[in-house]
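I opened my notebook for a walk through this one, starting with a single residue and working outwards. Here is what I looked up, in order.

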Amino acid sequence: MEMKDYGFYRGVNLGGWFSQCDYSKERLDHFIEEKDMDVIAGWGLDHVRLPMDYNVLETADGELSEEGFGRIARAVEWCLKRGLKVVLDLHKTVGYSFDIGYKESGFFGSAEYQERFYRLWEGLAARFNDPENIAFELLNEVTDASVIDEWNRIAAECIRRIRAIAPDSLILVGSYWNNSPDAVKDLDLPADDRVVYNFHCYDPLDFTHQGATWIPDPAFDINRRVAFEEADITPEYFEQRFASAIETAKARGAALYCGEYGVIDRATPEDTVKWFRTINEVLEKHGIARAAWSYRQMDFGLSDARLDGVRNELIKYL
């Protein structure tokens, strides 16, 4: 079974709402509003991916936050009213974030932090046990290949605990190098037929992230602007990028999901459409479900005014 067989096929991220933000009441209440779900449904999409940080979902002493869970429940309700399914994505857990700027550390070596992770997912599984409409993504973008053994162990235990509460929910698991498709092969075999392999794609990085100031590689030139034509981006390029993940998933009977992909707002709107059209050809060919990054702002905003002139074309390729 592919994710599209479960009704998750074409989606968009709601980045920056409950994650990667200042966590102010204004942000949490208004960055995304109910009317935005009408826009997303109007684009013809079938789901959203909802990044969430642990500090929205937990109190300061590590207990589950009713206020935080209530915010997620309200967002889910808005989506379901419009026929949109939801991927609940834990974007940051205590002791780990893909973004070193948050200064989270220790998760992979701390039984205490791991237990909080499991308890948080048990709480989410109990509150959002709706396998037809809600999927669970365990953790966003493990970065370091050296922790893959620990991550496989943690993921297996977390899946075991979720399954005791939500036996039929889809569960998404990504690998190291920020959910690289090349790293899917080093994930453990799926625990059951409703575990999905998750990867991200922002390739080639010098095109999709041109001008990005947060790339840690000192060789990355933030002043270089790259046009689509000079980047040699073809369907064959993405076939090669995804080949290992596709082969692994097929061999293990697992579905594939591309949880993030997109182009920074420094690229021209016309080049952005070309990139989405090219990657879409390969995603469609292989039946890979996906969620574009991101609906609003976050340097990749698909609803931002800069794309008004091309949006009707662009959304064909999400």
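Entry one, Asn-179. I asked first whether Asn-179 is buried or exposed. The model is a predicted one, and in it Asn-179 has a relative accessible area of 0%, so I noted it as buried, the cut-off being under 20%. I then looked up where Asn-179 sits, and found it in helix α7. Which residues does Asn-179 touch, not counting those up to four places away in sequence? My list reads Glu-137, Glu-141, Val-142, Gly-174, Asn-198, Phe-199 and His-200.

Entry two, the largest pocket. I put down a volume of about 1000 Å³ for the largest pocket. Of its 31 lining residues, the closest to the centre are Glu-141, Asn-178, His-209, Trp-214 and Ile-215. I recognised Glu-141 from the contact list of Asn-179. Which elements give two or more residues to this lining? I found α7 (176-179) and β7 (195-201). The largest share comes from α7, with three residues. Sorted by class, I have 15 nonpolar, nine polar and seven charged residues in the lining of the largest pocket.

Entry three, the strands. I followed β7 to its partner and found that β7 and β8 run parallel, joined by five bridges. Within this pairing I marked Phe-199 as standing opposite Cys-258 in β8. Phe-199 had also turned up among the contacts of Asn-179. How many residues of strand β8 (residues 256-261) are buried? I noted six of six, so to speak a strand that is mostly covered. On to strand β9 (residues 289-292): it pairs with β8 in the parallel sense, over two bridges. Here Cys-258 stands opposite Arg-290 in β9.

Entry four, the second largest pocket. I wrote down a volume of about 170 Å³. Its lining includes Met-1, Glu-2, Ile-246, Lys-250, Leu-256, His-286 and Ile-288. Which helix gives the most to this lining? I found helix α9 (residues 235-252), with three residues. The class split for the second largest pocket is seven nonpolar, three polar and two charged.

Entry five, enclosed space. Rolling a probe the size of a water molecule over the atoms shows where empty space is left. How many cavities of 30 Å³ or more does a search of the whole structure find? I got one, and the largest cavity has a volume of about 30 Å³. I listed its lining as Met-1, Tyr-6, Asp-193, Arg-194, Val-195, Val-196, Gly-253, Ala-254 and Ala-255. By class, that makes six nonpolar, one polar and two charged residues. I also spotted Met-1, Gly-253, Ala-254 and Ala-255 in the lining of the second largest pocket.

Entry six, the cores. The largest nonpolar core has 94 residues, and I picked out Phe-117, Leu-138 and Trp-151 as touching the most other members. Its largest share, seven residues, comes from helix α6 (residues 148-165). What is Phe-117 in contact with, leaving aside neighbours within four places in sequence? I wrote down Leu-90, Thr-93, Phe-107, Leu-138, Leu-139, Trp-151, Ile-154 and Cys-158. I then noted a second, separate core of 13 residues, with Tyr-6, Val-87, Leu-172 and Val-196 among them. Tyr-6 and Val-196 were already on my page, as part of the lining of the largest cavity.

Terms used: Residues numbered from 1 in each chain as written. Predicted model: local features only at pLDDT ≥ 70, side-chain atom pairs only at ≥ 80, totals over all residues. Heavy atoms only, no water. Core = buried A, V, L, I, M, F, W, Y, C linked by side-chain atoms within 4.5 Å. Buried < 20%, exposed > 50% of the residue type's maximum accessible area, 1.4 Å probe, protein only. Helix = DSSP H or I, 4+ residues; strand = E, 2+ residues; numbered from the N terminus. Contact = heavy atoms within 4.5 Å. 1 Å grid on protein atoms, 1.4 Å probe; cavity = no way out; pocket = protein on both sides within 12 Å on 5 of 7 lines; lining within 4 Å. Points joined across faces, edges and corners; volume = space filled by probe spheres on them. Nonpolar A, V, L, I, M, F, W, Y, C, P; charged D, E, K, R; others polar. Pairing = 2+ DSSP bridges.
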